[in-house]
Every structure is written in C-alpha cells, then in structure tokens.
Amino acid sequence: MLKFHAEQFKLQLAAGVPFAVGSDVGPFPHGTQARELELMVQFGMPAADVMRADLINGARLLGWAGQIGELKPHYYADVVAVPGNPLEDISVLEKVAFVMKGGTIYRRP
C-alpha cells in the first residue's frame, strides 16, 4: 500500500494538487503524525511546502485560517521547539523538546 500511495502522491504533486495536513491521523498511531511529514519529503515535496501544508493549509482545511497556523499577533499559537531545522531535516519534528500551549509550558528541555 505504501508504494501505491507514494506513486499517487508523486502524481498529485506533479499535477500541482494543493495539500493540507488535517487533524486526522490516518494510518499512524496518535503521537506519530510527524512520520507523515517525513514521507511527504521522502516522496518529493520540499520541506518548506510540507510545513506550509501542515500549518497554513491545515488551518484552512480545518476552517481556522486567520486564527491558527502562523505566529502572528492575535492568532492562537501553540509552540514547539525541536533540536534542529525542520527545513533541513524534517525528522527533527519527532524530537519535540519544548511545548507551550495556550501560554502554558508543558515541556521544557
């Protein structure tokens, strides 16, 4: 199934189909959603486009555009920090070291 989905993903990417990552987990257990982002990079989407699909387009998909998905004044923002640059290595998103949700810190290094 992975091979089939990878081929379909590549065809959609080549056709310019817009992508959004939503709040459903799909085939992965909860807490492992970063794996989907890694696969998107592995199968040809640039990491910056993956991040846009996850944050900005994901907010649009959920009907929250203009409220979440970006760090801007008056937006709701949950913040995570990872030990590296996800634009260079998307897998660092699996190693969240800091979490702030609603202004409360839940995890710190």
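Buried here means under 20% relative accessible area, exposed means over 50%, and partly exposed covers what falls in between (1.4 Å probe, protein chains only). By that yardstick Thr-104 is partly exposed, with a relative accessible area of 40%. Thr-104 sits in strand β3, and its C-alpha atom is 9.1 Å from that of Asp-78, 26 residues apart along the chain.

A word on the model: it is predicted, so local features need pLDDT of at least 70 and side-chain atom pairs count only at pLDDT 80 or more, while totals for chains, interfaces and linings use all residues. Residues are numbered from 1 along each chain as its sequence is written, and side-chain values use heavy atoms, with hydrogens and water left out. The mean pLDDT (the predictor's confidence in each residue, from 0 to 100) of the protein chain is 90, and 94% of its residues reach 70 or more. Among the elements (DSSP runs numbered from the N terminus, with helices being H or I of at least four residues and strands E of at least two), α1 has the highest mean pLDDT, 95, and strand β3 (residues 104–107) the lowest, 91.

On to the empty space. A pocket is an open set of points on a 1 Å grid over the protein atoms alone, where a 1.4 Å probe fits, with protein on both sides within 12 Å along at least five of seven lines; lining residues have an atom within 4 Å of a point. The largest one holds about 1400 Å³, the volume being the space filled by probe spheres set on the points, which are joined across faces, edges and corners. Of its 33 lining residues, Asp-54, Leu-55, Asp-78, Val-79 and Val-80 are the closest to the centre. Helix α3 (47–61) gives the largest share of the lining, five residues; α2 (34–42), β1 (79–81) and β2 (98–101) are also among the elements that supply at least two each. By type, the lining divides into 19 nonpolar, seven polar and seven charged residues (Ala, Val, Leu, Ile, Met, Phe, Trp, Tyr, Cys and Pro count as nonpolar, Asp, Glu, Lys and Arg as charged, the others, Gly among them, as polar).

Then there is the packing. The largest nonpolar core (buried Ala, Val, Leu, Ile, Met, Phe, Trp, Tyr and Cys residues joined through side-chain atoms within 4.5 Å) has 16 residues, and Leu-37, Met-40 and Ile-90 have the most contacts inside it. Helices α1 (2–14), α2 and α3 each supply at least two of the core residues. Leaving out residues up to four places away in sequence, Met-40 touches (heavy atoms within 4.5 Å) Phe-9, Phe-19, Val-21, Met-45, Val-50 and Ala-53. Glu-38, in helix α2, is buried at a relative accessible area of 14%. Its contacts beyond four places in sequence are with Ile-90, Ser-91 and Glu-94.
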